[in-house]
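Visitor: Please take one part of this model and go through it closely, then follow it outward into whatever it connects to. I would like a single connected account.

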Amino acid sequence: RIAMPVRLGLPRRDGPSPRFLLLASGAAAIGTTFAMFSTPRSAALARAFRARARSVLTPGNPCAYAAAMTGGMCSAKAESLRRLATARAERDSGDSVCQRWVPKGGVVAVIGAGAAGLSAARSMLECAGDDVSIEVFEQGDEVGGTWIFSEEVGDDIHSSMYANLKTNIPKEVMPFIGEEFDPSLPSYLTHSQVLDYLKQFAVKYDLMPLIKFNTRVTQLSKSKEGWVLEWKGDKSGVDDGKKIYDAVFICNGHYTAPIIPKLDQLDLFKGKVTHAHTYRKPEPFEGQTVAVIGAGPSGVDISLEIAKKAKKVYRAQKGVDTPTEALGGITVVPPLIGITDDGEKG
């Protein structure tokens, strides 16, 4: 009779002790699909949702699919395009918001060359044209931000991408205004497909010459003259610097630092503790008993992946009162309430 050293709100019971504790408590990249619902009711809702989308999907009409998935994305998209046209007209007339916000001849900094940073840089070019200078700071050596996958983990790896991640929303509702994804691609994209899209976007709008790669922003402060930005070159040949900007876009993302919940006596756990931020593949969990803490998109997706290799997977989540067998052979259990050194309930 072996009690679980990770107390998941369960009475003492037979079963192997978890050797891995995986925290999926936020700040990890999202990757799940409609197929990954863990209850019969939600799975039925997902099937109905997909059927509704397919019923209106016609060749060459991704907007119809988007409308089915969002309940009116087409009209919202049309409104966005109208606003973009208005902004361009204002720019051409010399009375755009950007031109009023940043003086002619001003300098704008964008921190980060991921999706948000690239979009901000392109928007400033569309809005202000040649009236302002734009400089983009990127601590890595390529564009893409969180969509850059690396097998490595560590302080220098800022992305939470894992090998098999796919988007959890369809590509029909993901693109930048006027820049649709390749229609031949599936609705749910791999991280590499999204990264290719961002790279193509940066090239198309001539954003690459604006980007200072391997350059990490270390300080941003306000002065009477404007925003004082300091940076450090992270590689040989990249100079440190300091400059005053009229405006700064902060687009550094929020998936770099994992959120680690405070768990009493976590140091007593004898197995390995990791976070979804450093998860890459399910193979290291082969034959192990794993407790996944958290049932957000990452927690659900990763637990399903691990279950294909692990001996047993428990997923602790809110809203569960009693252990329940779920999709993929996972046992869904109440939230974790503590950790003991010997598994004794107490």
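Guide: The loop between strand 5 and strand 6 contains Asn 214. In this predicted model, Asn 214 has a positive phi of about 55° although it is not a glycine. Most residues other than glycine have a negative phi. Asn 214 is buried, its relative accessible area being 14%, which is under the 20% limit for that class.

A second residue of this kind is Asp 206, where phi is again positive, near 55°, without the residue being a glycine. Asp 206 belongs to the loop between helix 6 and strand 5. With a relative accessible area of 53%, Asp 206 is exposed, as the cut-off for exposure is over 50%.

Strand 5 itself covers residues 211-212. Strand 5 is part of an open sheet of four strands, in the order 5-4-3-9 and with parallel pairing. Strand 5 and strand 9 (247-250) are the edges of this sheet, each pairing on one side only. The neighbour of strand 5 is strand 4, residues 133-137, and two bridges join them in the parallel sense. In one of the pairings, Lys 212 of strand 5 is the bridge partner of Phe 137.

Further into the sheet is strand 3, residues 107-111, which includes Ala 109. Ala 109 has 0% relative accessibility and therefore counts as buried. The C-alpha atoms of Ala 109 and Val 136 are 5.8 Å apart, although 27 residues separate the two in sequence.

Phe 137 also leads out of the sheet order through its ring. The model has eight aromatic pairs in total. One of them joins Phe 137 and Trp 231 in a tilted arrangement, with 4.9 Å centre to centre and 45° between the planes. Because Phe 137 is in strand 4 and Trp 231 is in strand 7 (residues 227-233), the pair ties together parts that lie 94 residues apart in sequence. Both partners are buried: Phe 137 has 1% relative accessibility, and Trp 231 has a relative accessible area of 13%.

Another aromatic pair is made by Phe 181 and Tyr 197; it is stacked, with 3.9 Å between centres and 25° between the planes. Phe 181 is in the loop between strand 4 and helix 6 (191-204), while Tyr 197 is in helix 6, so this pair connects parts 16 residues apart in sequence. Phe 181 is buried at 7% relative accessibility, and Tyr 197 is buried with a relative accessible area of 10%. These two rings belong to a cluster linked by ring pairs, whose members are Phe 176, Phe 181, Tyr 197, Phe 201 and Tyr 205.

On the other side of the starting loop in sequence is strand 6, residues 215-222. Strand 6 runs antiparallel to strand 7, and seven bridges join them. Ser 221 has Val 228 of strand 7 as its bridge partner. The two strands form a hairpin with four residues between them, and Gly 226 in the turn has a positive phi of about 150°. A charged side chain is placed over a ring here: Lys 222 lies over the face of Trp 227, at 5.4 Å from the ring centre. A comparable contact, named separately, is that of Lys 312 over the face of Tyr 314, at 5.7 Å from the ring centre.

Strand 6 also takes part in a pocket. The largest pocket holds about 1400 Å³ of space. Its lining comprises 47 residues, and those nearest its centre are Gly 114, Gly 144, Gly 145, Thr 146 and Trp 147. Helix 5, helix 6 and strand 6 are the elements that each give two or more residues to this lining.

Helix 5 spans residues 115-128, and its 14 residues should extend over 20 Å at 1.5 Å a residue; the end C-alpha atoms are 20 Å apart, which agrees. Among its buried residues are Gly 117, Leu 118, Arg 122, Met 124 and Glu 126. Gly 129 follows helix 5 and has a positive phi, near 60°.

Methods. Residues numbered from 1 in each chain as written. Predicted model: local features only at pLDDT ≥ 70, side-chain atom pairs only at ≥ 80, totals over all residues. Heavy atoms only, no water. Expected span 1.5 Å × (residues − 1). Buried < 20%, exposed > 50% of the residue type's maximum accessible area, 1.4 Å probe, protein only. Pairing = 2+ DSSP bridges. Phe/Tyr/Trp six-rings, centres within 6.5 Å; stacked < 30°, edge-to-face > 60°. Lys NZ or Arg CZ within 6 Å of the ring centre and 35° of its normal. 1 Å grid on protein atoms, 1.4 Å probe; cavity = no way out; pocket = protein on both sides within 12 Å on 5 of 7 lines; lining within 4 Å. Points joined across faces, edges and corners; volume = space filled by probe spheres on them.
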